[in-house]
Amino acid sequence: MDLRFNYEPKSGYTKILFPGGELLNYIEFGIIKLSQGEQYSENTEDNEVVLVILKGKCVISTNIVKWGPIGERKDVFSGKAYATYIPRQNRYDITATTDLEVAVCKGRTDFAGEPVVITPDKVKVRSVGNGVWTRNVYDIIDERTPAGCLLVGETINPPGNWSSFPPHKHDIENPPEETKLEEVYFFKIQPEEGFGMQRLYTDPGLEDEGFDEALVLKNNTVTVMPRGYHPVCAAPGYSVYYLWILAGKNRKLIPKEDPQHSWIKNE
């Protein structure tokens, strides 16, 4: 089962992951790359869509509203994001006012929402963890934004640090202990020649066939987490960024920690 994919930058929209098979039921993920002055248009159909501006500036319009120019980052390590939420059964148009890279996060839903722009001042910043497992988490689309299935944000690991730690999972619908959400990560590394690692694993002794894999993370790597725990670490000297996209029927993030490693919170 392939859990790691690579984005090769090219003009227009590159679809990287989509629903179907054993990996994903809700999420489609891809990247829009435009040069200054270029445009891209799409109908959302049965998906709600979150557009996260990774770098550059653009004008985004829907059937009923127009935003922009929005965006101010030169890269994902340079401040908080601009993003938009676009509901199902809408058309959106993007016009690049500078060279542009936008993450496209889609989720299948029957929820009929309203278009929303998320400016950097609306992005919630959390410092999570302690010591070498400290990282900054940026909540972009959370429960403050009415939506059908998607939760979207960003995490940045300082050099040598871990995130998604203690390891957690969210693959069983058992509230209030845990909710079932599939997840996709999109990585950037600074400097780009660096790397990180991710471990994906399930509890031992499961009746179904589990897995335990270590993945090398490079600039523009994409990983998918249909189930299991999924901690991430950055190599010394290199910062690791990842955009995270979660989706599920119950739009609440209630993760369950791996009990073997939860002791670290008491240190």
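Hi everyone, this is a short tour of the charged pairs, strands and aromatic rings in one protein model.

A word on the ground rules before the tour. This is a predicted model, in which local features need pLDDT of at least 70 and side-chain atom pairs count only at pLDDT 80 or more, while totals for chains, interfaces and linings use all residues. Residues are numbered from 1 along each chain as its sequence is written, and side-chain values use heavy atoms, with hydrogens and water left out.

Let's start with charges. Side chains of opposite charge can pair when their charged atoms come close. The term salt bridge here means a side-chain nitrogen of Lys or Arg within 4 Å of a carboxyl oxygen of Asp or Glu. How many salt bridges does a search of the whole structure find? The count is 14.

One of them joins Lys 106 to Glu 28, with 3.3 Å from N to O. These two come from distant parts of the chain, 78 residues apart: Lys 106 belongs to strand β10 (residues 100–108) and Glu 28 to strand β3 (residues 27–34). When I say strand, I mean a DSSP run of E with at least two residues, numbered from the N terminus.

Are Lys 106 and Glu 28 buried or exposed? We call a residue buried under 20% relative accessible area, exposed over 50%, and partly exposed in between, using a 1.4 Å probe and protein chains only. Lys 106 has 5% relative accessibility, so Lys 106 counts as buried. Glu 28 is buried as well, at 10%. There is also a third partner to look for, because Glu 28, Glu 42 and Lys 106 are linked in a network of salt bridges.

Now find Glu 143 and Lys 252, whose side chains meet in a salt bridge at 3.6 Å, N to O. Glu 143 sits in the loop between β13 (135–141) and β14 (150–157), and Lys 252 sits in the loop between β22 (239–247) and β23 (256–257), so this pair ties together parts that are 109 residues apart in sequence. Glu 143 is partly exposed at 48%, and Lys 252 is partly exposed at 39%.

From that loop, step along to β14 itself. Of its 8 residues, 8 are buried, so β14 is largely enclosed by the rest of the structure. In a regular strand the side chains alternate between the two faces of the sheet. In β14 both faces are covered: Leu 150, Val 152, Glu 154 and Ile 156 are buried on one side, and Leu 151, Gly 153, Thr 155 and Asn 157 are buried on the other.

Which strands are joined to β14? Strands count as paired if DSSP finds at least two bridges between them. β13 is joined to β14 by 5 bridges, running antiparallel, and β22 is joined to β14 by 8 bridges, also antiparallel. Val 152 is a handy place to see this: Val 152 is the bridge partner of Ile 141, and Val 152 stands opposite Ile 245 in β22.

Next, an open sheet of 4 strands, in the order β4-β9-β6-β7 with antiparallel pairing. β4 and β7 (66–70) are at the edges with a single partner strand each, so one side of each has no neighbour in the sheet. Between β4 and strand β9 (residues 91–96) there are 5 bridges, and one bridge pairs Asn 43 with Arg 91 in β9. Arg 91 also has a salt bridge to Asp 93, at 2.9 Å from N to O, and Arg 91 counts as partly exposed at 37% relative accessibility.

Last stop, the rings. The structure holds 10 aromatic pairs. Rings of Phe, Tyr and Trp (its six-membered ring) pair if their centres lie within 6.5 Å, and planes under 30 degrees apart count as stacked, over 60 as edge-to-face and the rest as tilted. Tyr 13 and Tyr 40 form a tilted pair, 5.9 Å centre to centre with 45 degrees between the planes. Tyr 13 is in strand β2 (residues 12–17) and Tyr 40 in strand β4 (residues 39–43), 27 residues apart, and both are buried. Phe 29 and Phe 186 are also tilted, at 5.5 Å and 45 degrees. That pair links strand β3 to strand β17 (residues 182–190), across 157 residues. Ring pairs link Tyr 7, Phe 29 and Phe 186 into a cluster.

Thanks for listening!
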